[in-house]
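Work through the exercises below with the model open. Try each task before you read its solution.

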Amino acid sequence: MKLYEFIAPCHFGLEAVLKREIQDLGYEISKVEDGKVTFLGDPEAVAYSNIFLRTTERILWKVGEFKAVTFDELFEKTKALPWEDFIPENGKFWVAKANSVKSKLFSPSDIQSIMKKAMVDRLKSRYKKEWFEEDGESFPIRVSILKDVVTIGLDTTGVSLHKRGYRKATVKAPITETLASAIIMLTPWKKDRILVDPFCGSGTFPIEAAMIASDMAPGMNRDFLSTSWEHLISKASWNDAYEEARDRVNLNIETDIQGYDIDGSVVAMARENAKMAGVEKLIHLQQRGVEELSHSGKYGFIITNPPYGERLETDETLPEIYRALGDRYRELDSWSMYMITAWEEAQKYIGRNADKNRKIYNGMMKTYLYQYIGPKPPKKKL
């Protein structure tokens, strides 16, 4: 079967996690760049990558890539692409998003309108008609131009993949599901280890951890734009992927995954979200302040997204919050802590510098993943 290229965008700084995920699905990586991983697959890969990948925002089916420094060049090279292979005669198509970095062509609206005209021109000649009703399935196109290289992809996902379908209720400044999953997967945490989030908010870290522990595919309870593209991906491919996702779920496991928040209404919200996700029995959520963080177990993990002033707290309250977190962490013998924050003084008030520090862009906001790495547990005797 013919192989195609697919583009999976991700948070800057977490490309290695996504690369490993794609390889674990059995697909070959063709390129890793800042904020995206490109891989090879057959049309069935659209179904499996949308349903199973935890750390990408969407899956783009790559239509073409070329260099363009003038709008004439953009028009002609867009027109030369085989749009009829993807878009049926009644398909609704448009350039949904265009972005440009360090390129001669930089106006998104001009890029969008010129490319749409080029696509119409191409399809007119292929379908032998002057007017398209565009009353069929949707085919949104996303374009990125980096250093004059134009990359074009069909959006197979629709609503972003961080929308798992379980988070009906959210707090201010929530962490996205895809970013939470990527951070968990960056750590050595496994389902038989303790995980505590003392600032759990709407419950994203505990819920994503429980989904990983139970092997619950993040996209198994939602649909995607391309499920209706039957000329490209068969219904059988989608059915097989959904069936495999359902078969793999195992909720009959022992876990110690906890989430705290000082606000009782927020904890209630997190419980509702955990229930929606179907993992409520794997998580213990309770109203508790960070100063009450404690656990009798060893070799556990704190994985958390504390307040950091940009949208939630005033700077006056932050030192107290981080000092309390640092104090409680020091009492947890043999534990590790992974903390994502944009607050530059976090390490100072935690009381020590992190063992590792990774820069991650959360949207346009630069954040840091501070990694305090505890000892490995002794190997279990056979």
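Helices (H or I, at least four residues) and strands (E, at least two) are DSSP runs, numbered from the N terminus. The model is predicted: local features need pLDDT of at least 70, side-chain atom pairs count only at pLDDT 80 or more, and totals for chains, interfaces and linings use all residues. Residues are numbered from 1 along each chain as its sequence is written, and side-chain values use heavy atoms, with hydrogens and water left out.

**Exercise 1. Place Gln 286 and describe its surroundings.**

Step 1. Find the element. Gln 286 sits in strand 10, which covers residues 283-287.

Step 2. Judge the exposure. Buried means under 20% relative accessible area, exposed over 50%, partly exposed in between (1.4 Å probe, protein chains only). Gln 286 has a relative accessible area of 18%, so it is buried.

Step 3. List the contacts. Contact means heavy atoms within 4.5 Å. Leaving aside residues up to four places away in sequence, Gln 286 touches Gln 258, Gly 259, Tyr 260, Asp 261, Val 267 and Arg 271.

**Exercise 2. Trace the sheet that contains strand 10.**

Step 1. Set the pairing rule. Two strands pair if DSSP finds at least two bridges between them.

Step 2. Write the order. An open sheet of 7 strands runs 10-9-8-11-12-14-13, with mixed pairing. Strand 10 and strand 13 (356-362) are its edge strands, each pairing on one side only.

Step 3. Look at one pair. Strand 9 (residues 256-261) joins strand 10 in the parallel sense over 5 bridges. Gln 258 has His 284 of strand 10 as its bridge partner.

Step 4. Add a helix. Axes are lines fitted to C-alpha atoms, for helices over the stretch in contact, and angles run from 0 to 180 degrees between N-to-C directions. Helix 8 (residues 264-277) lies across strand 9 and strand 10, at about 165° to strand 10.

**Exercise 3. Which strands stand at the edges of the sheet ordered 2-3-1-4-7-6-5, and why is one side of each left without a neighbour?**

Step 1. Read the order. This open sheet has 7 strands and mixed pairing.

Step 2. Take the ends. Strand 2 (28-33) and strand 5 (92-101) each have a single partner strand, so one side of each lacks a neighbour in the sheet.

Step 3. Check the turn. Neighbouring strands are turned by 30° against each other on average, direction ignored.

Step 4. Inspect an edge pair. Strand 2 and strand 3 (residues 36-41) run antiparallel and are joined by 5 bridges. Lys 31 stands opposite Thr 38 in strand 3.

**Exercise 4. Is helix 2 largely enclosed or open?**

Step 1. Count. In helix 2 (residues 44-52), 8 of the 9 residues are buried, so the helix is largely enclosed by the rest of the structure. Among them are Tyr 48, Ile 51 and Phe 52.

Step 2. Find the neighbours. The buried residues pack against strand 1 (4-9), helix 1 (15-24), strand 3, strand 4 and helix 7 (235-248).

**Exercise 5. Describe how helix 5 meets helix 6.**

Step 1. Get the geometry. The axes of helix 5 (residues 177-186) and helix 6 (residues 204-213) come within 9 Å and cross at roughly 65°.

Step 2. Name the contact residues. Helix 5 contributes residues including Ala 180, Ile 183 and Ile 184, and helix 6 residues including Phe 205, Ala 209 and Ile 212.

**Exercise 6. How many disulfides does a search of the whole structure find?**

Step 1. Apply the cut-off. A disulfide is a pair of cysteine sulfur atoms within 2.5 Å. The search finds 0.

Step 2. Check two cysteines. Cys 10 is buried at 9% relative accessibility, and Cys 200 is buried at 5%.
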